There are 6 protein chains.
Amino acid sequence: MDDDLEKLAAQFKTFTKDMVDNPYRGIPTFFGLPYRETLENLDLALIGVPFDLGVTDRSGTRMGPRELRIQSKSVGAYNHCTRSSPCIAHRIADVGDVPFRSVYRLEEALEDIAAYYRGVAAAGVVPLTAGGDHSITYPILKGLAPKEMVCLVHFDSHCDTAPPIHGSGCAHGSPMRNAVEAGLVDPKHSIQIGIRGSSEPLWEFSYASGMRVVHIEEFYELGWKKIVQEIRDLVGSRPVYLSFDIDCLDPAFAPGTGTPVAGGMSTFEALQTLRGMRGLDIIGGDLVEVSPPYDHAGITALAGATILFEILCLAADARENRTA
Amino acid sequence: MDDDLEKLAAQFKTFTKDMVDNPYRGIPTFFGLPYRETLENLDLALIGVPFDLGVTDRSGTRMGPRELRIQSKSVGAYNHCTRSSPCIAHRIADVGDVPFRSVYRLEEALEDIAAYYRGVAAAGVVPLTAGGDHSITYPILKGLAPKEMVCLVHFDSHCDTAPPIHGSGCAHGSPMRNAVEAGLVDPKHSIQIGIRGSSEPLWEFSYASGMRVVHIEEFYELGWKKIVQEIRDLVGSRPVYLSFDIDCLDPAFAPGTGTPVAGGMSTFEALQTLRGMRGLDIIGGDLVEVSPPYDHAGITALAGATILFEILCLAADARENRTA
Amino acid sequence: MDDDLEKLAAQFKTFTKDMVDNPYRGIPTFFGLPYRETLENLDLALIGVPFDLGVTDRSGTRMGPRELRIQSKSVGAYNHCTRSSPCIAHRIADVGDVPFRSVYRLEEALEDIAAYYRGVAAAGVVPLTAGGDHSITYPILKGLAPKEMVCLVHFDSHCDTAPPIHGSGCAHGSPMRNAVEAGLVDPKHSIQIGIRGSSEPLWEFSYASGMRVVHIEEFYELGWKKIVQEIRDLVGSRPVYLSFDIDCLDPAFAPGTGTPVAGGMSTFEALQTLRGMRGLDIIGGDLVEVSPPYDHAGITALAGATILFEILCLAADARENRTA
Amino acid sequence: MDDDLEKLAAQFKTFTKDMVDNPYRGIPTFFGLPYRETLENLDLALIGVPFDLGVTDRSGTRMGPRELRIQSKSVGAYNHCTRSSPCIAHRIADVGDVPFRSVYRLEEALEDIAAYYRGVAAAGVVPLTAGGDHSITYPILKGLAPKEMVCLVHFDSHCDTAPPIHGSGCAHGSPMRNAVEAGLVDPKHSIQIGIRGSSEPLWEFSYASGMRVVHIEEFYELGWKKIVQEIRDLVGSRPVYLSFDIDCLDPAFAPGTGTPVAGGMSTFEALQTLRGMRGLDIIGGDLVEVSPPYDHAGITALAGATILFEILCLAADARENRTA
Amino acid sequence: MDDDLEKLAAQFKTFTKDMVDNPYRGIPTFFGLPYRETLENLDLALIGVPFDLGVTDRSGTRMGPRELRIQSKSVGAYNHCTRSSPCIAHRIADVGDVPFRSVYRLEEALEDIAAYYRGVAAAGVVPLTAGGDHSITYPILKGLAPKEMVCLVHFDSHCDTAPPIHGSGCAHGSPMRNAVEAGLVDPKHSIQIGIRGSSEPLWEFSYASGMRVVHIEEFYELGWKKIVQEIRDLVGSRPVYLSFDIDCLDPAFAPGTGTPVAGGMSTFEALQTLRGMRGLDIIGGDLVEVSPPYDHAGITALAGATILFEILCLAADARENRTA
Amino acid sequence: MDDDLEKLAAQFKTFTKDMVDNPYRGIPTFFGLPYRETLENLDLALIGVPFDLGVTDRSGTRMGPRELRIQSKSVGAYNHCTRSSPCIAHRIADVGDVPFRSVYRLEEALEDIAAYYRGVAAAGVVPLTAGGDHSITYPILKGLAPKEMVCLVHFDSHCDTAPPIHGSGCAHGSPMRNAVEAGLVDPKHSIQIGIRGSSEPLWEFSYASGMRVVHIEEFYELGWKKIVQEIRDLVGSRPVYLSFDIDCLDPAFAPGTGTPVAGGMSTFEALQTLRGMRGLDIIGGDLVEVSPPYDHAGITALAGATILFEILCLAADARENRTA
């Protein structure tokens with residue numbers, strides 16, 4: 001074992017005393033991180049958005065952040081692939097949940113989210129978000145208001161570029177369309193991975209706007225390594241926002257979600273694709289659509305927490321690169 | 001066994017051939033009743049309101065009508081206490097679910113409900129509703145628009161007379177207040193039974209408006225027979241609307257609900273109290289707050305279906321009395 | 001504490017070393033009793049009948065004996081009400097499951113059961129049976145072929161005296177009718193307790209034959225003490241067979257059953273009624289209709305095992321009285 | 001996006017208004033299709049067979065059709081791989097469940113099934129069946145009575161060619177043997193895919209009769225593409241019946257089944273193999289052995305519904321080819 | 001409504017803004033109270049003891065405090081029976097979990113608990129503890145080291161006065177014996193309520209030492225009001241420690257526990273008995289044996305949290321009386 | 001089909017009569033094998049170790065052996081890959097569970113295990129163990145005390161070579177380190193497969209001692225065939241002990257375990273890797289960390305039983321080779 005690992009291990013042992021040994025102890029925060037009420041003096045922040053007013057089928061993602069906090073306590077001390085521990089190397093905290101004026105109004109709540117993330121952007125903090133349903137991604141991007149359009153790397157079984165449904169264009173079927181139409185996302189350098197299922201005709205916008213759509217069949221045909229290369233080629237050194245809908249995974253790996261679609265990828269394949277993105281300029285990310293009432297033994301939340309940790313590692317690396 | 005029973009038994013055997021023998025067969029409708037797309041030529045109608053935009057904690061009651069249909073197939077052929085089978089004696093059907101313009105807007109959806117029940121009233125049909133969260137009771141009453149104020153007989157652990165919460169006065173915490181304020185319910189001749197828990201201070205309106213509030217302690221202190229007598233004395237021959245929130249039962253009997261409160265009554269005690277209301281002028285009723293994602297082995301939906309059947313029997317009797 | 005208890009306690013401590021301390025250890029047998037392959041030299045025997053071909057709705061009682069064995073390991077060392085330990089005072093064993101020629105033929109399987117219990121009767125062993133669905137009670141009685149008609153004390157939500165359904169008169173809706181018609185049970189001195197639900201019209205036979213039917217309403221109106229007195233008056237010193245369908249309990253207490261009916265009694269009330277039967281001439285008994293696929297955390301099987309233990313205690317006492 | 005997709009999308013949006021948006025609304029039918037009581041004027045029909053008298057271990061598939069109806073509501077509007085929507089292009093309906101004279105007699109019930117499918121064949125309708133246990137495939141084929149022997153393409157972990165067990169040759173272990181022996185299936189052009197587990201010695205008949213048996217090891221060794229090629233070579237332009245036992249999938253993907261066998265394929269791999277069969281002359285198919293009491297969050301029924309939809313697409317295509 | 005209630009309601013509305021509306025939001029603490037790392041400036045403290053090394057059967061109570069925190073968020077803002085809100089009237093906080101040197105050593109961990117509660121006593125704080133298994137009660141009392149022997153009011157299905165089992169006298173079967181033998185508890189003025197089951201012979205010590213043992217039969221025979229009177233007569237103005245084992249409740253009300261015993265009381269009956277103790281000099285209390293892995297929909301933890309809140313109310317009142 | 005298979009099939013049919021047909025019947029033993037109280041006259045023995053005092057997070061593996069017995073009844077009659085039935089060809093029995101002096105003392109219990117396996121070694125029996133948590137592997141090896149150091153082939157998500165945690169070096173994080181330090185295992189010829197997750201820094205010992213660590217990424221990069229070759233090259237003809245922690249599998253395949261780590265292998269991949277080890281000199285093996293309270297529909301225990309059967313087949317073959 002090399003010096004580096006040894007040094008980190010030493011830190012790790014101190015840092016993780018409580019975390020590794022009894023994940024069930026104490027007050028659950030994301031990855032066992034300290035809880036902070038403000039965004040001051042942070043490099044990155046874990047943020048919960050307990051919200052499910054945007055769903056069309058099964059509700060329950062409002063319970064997502066709480067369960068992700070619980071399961072994440074046995075994740076996140078160390079990344080064995082990158083041999084690094086972002087929670088040691090950076091100033092990271094759990095800053096709690098986005099406040100809402102009301103739990104009854106979809107549009108208003110999305111405004112609350114946007115307002116919150118304007119504060120995150122102002123504080124210069126890189127946000128990692130635990131949803132909540134997927135409608136939250138648009139107001140997050142709106143709040144962050146990146147100076148240049150971001151590339152979207154989007155894992156999902158749905159393109160989420162549907163036209164308005166039920167008289168509302170801001171539910172969980174349309175965030176990516178909204179973000180493109182608002183000039184926040186550059187569709188020509190964006191990619192959607194894992195797509196499948198019977199809602200396909202709703203997603204003309206993805207094709208029309210020039211997004212790269214990787215159906216699950218193509219994902220398996222090419223293999224995750226080629227998809228990784230394609231992502232890298234597509235985004236280059238542009239800023240990237242990473243959005244992961246847990247229903248990208250097969251329901252065997254993620255039963256606890258609101259609109260499961262059979263025939264998805266495994267958690268391992270998702271993790272490897274994410275790991276391949278190391279070095280890209282990730283400016284933020286989210287893990288959404290974990291619905292605890294439909295989960296069993298916390299396996300969906302555990303998969304979600306593990307994916308969120310990989311995104312956190314990528315974002316921490318990217319921040320370091322930007323500030324280097 | 002007397003003649004009466006024998007005669008009904010004969011009818012029963014024909015009527016229930018499919019229902020008794022294989023409850024899992026075929027397309028589930030409420031109590032295995034015929035499915036009708038219109039309200040024409042009906043005396044009473046079973047109506048689903050798959051809706052949970054009004055909840056504050058656990059969602060899931062949008063799945064309530066579907067699960068109540070499934071569990072009700074082993075209920076409802078015959079009422080052994082009244083020795084009658086309302087589904088034989090009256091023209092009753094499952095008329096499906098109330099249509100919504102959108103699943104994203106609480107206020108608009110409540111208007112849709114009101115509009116639907118205006119149609120029900122116009123058709124002269126007595127409605128029995130399966131929720132859905134409790135916010136639906138106010139628009140149901142609004143739609144029915146009874147000529148004179150109705151007496152409310154309300155089983156619940158919450159009074160549901162809260163002031164506006166989260167900037168909305170029409171969520172599931174306030175329907176009874178709204179109905180009183182709209183002049184639909186006569187609080188002086190209304191009663192709320194099974195009340196308990198930490199939200200008490202929100203319910204000043206019940207006391208201020210003169211409703212009779214029976215806490216669970218008083219329910220047990222007096223016993224269900226005296227409560228029955230009190231209901232009868234209070235409402236007399238006035239028209240009555242009966243609303244039953246399944247969380248009136250203890251969570252042991254109804255785990256599948258959105259805001260369970262420990263220390264409630266048993267299903268048997270609830271049924272006996274309902275049975276004591278025979279002869280009252282019931283003009284409609286609802287059974288709300290069954291949340292299938294939190295249920296186990298369908299026991300909450302089964303209790304709910306059994307209660308809904310008792311309400312149906314009372315309403316069928318009352319209709320007969322009115323038309324006699 | 002008196003001498004008696006002290007003495008039993010001493011025995012208990014030796015006897016239950018394994019049973020009390022680690023119920024999850026080793027091979028599960030009923031109440032942790034020794035497993036025997038033959039009926040020789042036994043006073044009483046615990047017998048499993050893993051069978052559900054007689055059900056009309058939810059299946060699964062074929063798994064009943066296995067789960068009752070598991071949960072019964074933390075029950076049965078001692079009866080704190082009678083201050084006795086029947087498993088010490090008598091020769092009792094778990095003799096395994098009734099063998100079937102086929103798992104596909106209802107009628108043939110019931111013959112297999114009858115054949116097995118003829119052996120039990122021949123061996124002079126008192127049988128305590130764990131079902132299985134309720135259709136098994138008739139062949140058990142047929143096999144036992146008591147010299148004089150027995151009194152049936154029957155706990156259930158259904159009378160189980162239906163006419164043939166689906167072209168078969170031997171499914172789980174009719175065993176009590178069959179037993180009466182076969183001259184095995186004396187209906188005039190038999191009683192059915194806990195009856196309720198929509199199948200009532202199927203049970204004319206109970207009334208016609210003169211059985212005492214105690215609906216759940218009457219059970220609560222009179223209270224268990226008066227029901228006990230009525231049982232004692234009705235059966236006197238006649239031989240009694242005790243049959244307990246777990247769906248007599250409310251689904252809150254017994255969710256794991258095939259045809260649950262809301263509004264039943266509690267486990268405590270059932271146990272007290274059973275305890276009141278001490279001294280009656282119990283010649284055998286069964287506990288049926290536990291369906292583990294619908295159970296949660298084993299609570300139905302635990303209630304069932306506790307009830308089966310009370311029946312065992314009654315039967316052991318009765319045997320002692322007969323041989324005294 | 002090409003014209004074709006656009007046109008279908010337009011139809012889709014109208015057709016699926018209710019289906020896509022609120023899968024939990026209304027009366028559940030297969031894929032949200034119209035419910036019809038007769039077979040008249042249909043090209044293809046979805047048929048439920050709620051039946052589990054043929055199982056040897058866990059029961060519960062009698063609940064299969066009901067749960068498949070529920071989960072299929074979020075499946076089946078559109079096939080993103082074939083860019084087609086069979087439910088628009090053809091006359092397809094849910095025609096309900098096969099009626100049984102009795103729920104107690106295996107052999108008789110299988111006759112009822114055969115009788116029903118004789119009607120299906122007479123009506124010229126292509127049947128897609130949702131089981132039920134696997135014993136139903138033999139009477140389905142018997143009822144269809146194809147003019148020439150069909151090729152069987154059979155996905156399963158078991159060959160289902162066992163000799164009579166428990167004195168019955170028509171339980172769920174033997175349908176394929178029965179179909180071959182009855183001259184309905186041509187074993188020389190039939191294939192069984194996904195086979196594994198400890199019952200192997202029971203399946204001599206598969207080898208003796210000349211069926212191609214693809215164990216799961218060989219499936220992975222060759223890959224699904226080669227298996228597809230082998231199927232195509234084997235069946236050519238002959239008529240094909242497609243039977244899919246959900247236990248072909250690994251228990252991670254399909255926990256809700258009666259005889260799970262560890263080490264199976266993923267839902268995605270199954271779907272791809274099915275998709276490879278496009279153009280074959282599929283004359284009917286079934287999806288069997290979904291046992292809801294053992295399922296979690298509906299994931300087994302969802303996988304089953306997705307597979308059944310692929311079979312429906314293949315059969316619709318084939319019908320079009322035949323009538324073209 | 002009187003002035004008092006109005007005033008409290010005003011406070012309540014401010015205090016509970018977050019708590020009532022979205023129980024699922026944010027970091028879960030007991031009753032939504034502030035989290036404090038020290039005991040300074042507190043009147044009462046909520047303390048978690050995530051521990052299950054003392055159990056003999058099902059483990060899992062180590063997860064108890066976490067789940068009790070989650071469910072308690074919808075409890076505890078207000079006590080509708082006493083019309084008071086202890087969390088407003090007193091300085092109360094969640095002070096986290098007792099730290100352990102090791103999760104592998106029963107005896108050592110109990111010493112850690114004792115050490116922690118010595119600190120609690122030194123700080124003059126009244127402790128309310130959420131277990132954990134019942135072995136923790138002895139070290140809690142040892143740590144508190146009350147100046148005079150306390151009266152124990154103990155709800156349970158077990159007396160917990162067993163002799164050493166498995167070579168250890170400090171597991172969850174013996175805490176009450178240990179506390180008496182250590183001179184911490186005065187058995188002559190102590191009472192154990194709800195006792196039942198097959199472990200009776202292990203509890204000679206209760207009788208020998210003079211404790212009042214109320215079996216569940218006697219509890220129902222006398223009714224909770226007479227038991228309340230007996231408690232009051234027995235303890236008078238002496239200091240009281242209140243210990244509630246959730247398995248005192250019937251498994252229907254509390255499935256999520258480690259050694260469930262069928263035939264217990266309801267949550268309501270337990271709450272009423274507790275409420276009857278108002279005015280006694282409660283110096284601390286605990287709620288133990290909630291085992292989340294065996295719970296469903298949080299109903300056991302919800303019942304536990306509700307009971308813990310009643311104990312908190314009693315203890316807060318008592319503290320006020322002592323300091324008045 | 002060849003002669004060999006036919007012959008075995010004949011044996012199989014007799015041998016498995018009960019096992020294949022009704023897995024739910026009778027007293028559950030491992031693979032339906034005979035239960036023996038002694039080790040006499042056995043070649044191999046199945047041994048349960050119901051134990052979880054060594055876990056750091058979720059407990060429950062104390063229930064592992066019981067559930068593995070239940071699920072294994074539908075596994076193990078025949079190995080379709082090797083075309084052999086070890087339970088016919090060898091003298092194999094279920095010899096029950098290792099006895100413990102106490103369920104409260106980790107170190108003492110591990111001594112009890114070591115003592116028991118000294119007896120196993122003395123009897124010349126090859127042990128196949130069903131855990132229990134992973135701490136048991138060290139005392140098993142200590143008890144077996146092989147004459148020469150064994151090669152360890154270890155499937156897991158954790159290396160289990162941590163330094164002492166919580167003041168104890170013998171919990172489930174360190175067994176492999178202990179076995180190496182005690183000179184029982186030769187690290188230079190040992191391999192750990194499937195490793196991943198955040199505890200990596202705790203496992204320096206694996207690298208320092210020279211063990212081959214195959215992370216899950218490398219497992220997929222190389223494929224199971226190359227890993228098999230590497231195992232074979234590494235161990236050659238040396239004696240091998242095989243230890244399989246079920247958390248090596250992804251939580252989708254094994255939700256019922258104490259420290260699940262997302263991103264693992266499938267059951268099929270694990271089985272194939274094991275099958276590749278045929279011919280190695282396996283002297284014993286274990287399958288550990290199945291935690292039934294977190295399982296669903298028994299799928300984890302079924303996967304575990306299937307893996308344990310493969311290990312049994314390898315060990316039976318190896319024994320035959322040694323005695324040939």
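These are my notebook entries on chain contacts, symmetry and packing in a predicted model.

**Entry 1: chains B and D**

I superposed chain B on chain D. A turn of 180° and a shift of 0.0 Å along the axis lay one on the other, with an RMSD of 0.0 Å. The two copies are thus related as by a two-fold rotation axis. I then looked for the C-alpha of chain B nearest that axis. It belongs to Ile27(B), 3.5 Å away from the axis.

Next I checked the contact itself. Chain B gives 16 residues and chain D gives 16 residues. On the side of chain B that touches chain D, I noted seven nonpolar, four polar and five charged residues. I also compared the interface residues of the two chains. Of those in chain B, 100% are also interface residues in chain D, so the copies meet through the same surface.

**Entry 2: chains A and F**

I turned to the contact between chain A and chain F. Here 30 residues come from chain A and 28 residues from chain F. I asked which helices of chain A each supply at least two residues to this side. They are helix 1 (3–15), helix 2 (17–21), helix 11 (267–275) and helix 12 (299–323). Helix 1 of chain A has the largest share, with five residues. By class, I found 20 nonpolar, eight polar and two charged residues on the side of chain A that touches chain F.

**Entry 3: pairs without contact**

I looked up two further pairs. Chain A and chain C have no contact, and their closest C-alpha atoms lie 14 Å apart. Chain D and chain E do not touch either; their nearest C-alpha atoms are 14 Å apart.

**Entry 4: the nonpolar core**

I looked up the largest nonpolar core and found 651 residues in it. Which residues have the most contacts inside it? They are Ile311(A), Ile311(B), Ile311(C), Ile311(D), Ile311(E) and Ile311(F). I followed the one in chain A. Leaving out residues up to four places away in sequence, Ile311(A) touches Leu128(A), Leu242(A), Phe244(A), Leu274(A), Gly285(A) and Leu287(A). As background, nonpolar side chains tend to be buried together in soluble globular proteins.

**Entry 5: helix 11 of chain D**

I last checked burial along helix 11 (residues 267–275) of chain D. Eight of its nine residues are buried, so this helix is largely enclosed by the rest of the structure. The buried residues are Thr267(D), Phe268(D), Glu269(D), Ala270(D), Leu271(D), Gln272(D), Thr273(D) and Leu274(D). I asked what they pack against. Within chain D, the partners are strand 4 (151–155), helix 10 (224–235) and helix 12 (299–323). From chain A, helix 9 (216–222) joins them.

Definitions and conventions. Residues are numbered from 1 along each chain as its sequence is written. Chains are lettered from A and ligands numbered from 1 in the order in which they are written. This is a predicted model: local features need pLDDT of at least 70, side-chain atom pairs count only at pLDDT 80 or more; totals for chains, interfaces and linings use all residues. Copies are superposed by least squares on the C-alpha atoms of residues with pLDDT of at least 70 in both. Two residues are in contact if their C-beta atoms, placed from the backbone, lie within 7 Å. Helices (H or I, at least four residues) and strands (E, at least two) are DSSP runs, numbered from the N terminus. Ala, Val, Leu, Ile, Met, Phe, Trp, Tyr, Cys and Pro count as nonpolar, Asp, Glu, Lys and Arg as charged, and the others, Gly among them, as polar. A nonpolar core is a set of buried Ala, Val, Leu, Ile, Met, Phe, Trp, Tyr and Cys residues joined through C-beta atoms within 7 Å. A residue is buried if 20 or more other C-beta atoms lie within 10 Å of its own, exposed if 12 or fewer, and partly exposed in between; C-beta atoms are placed from the backbone.
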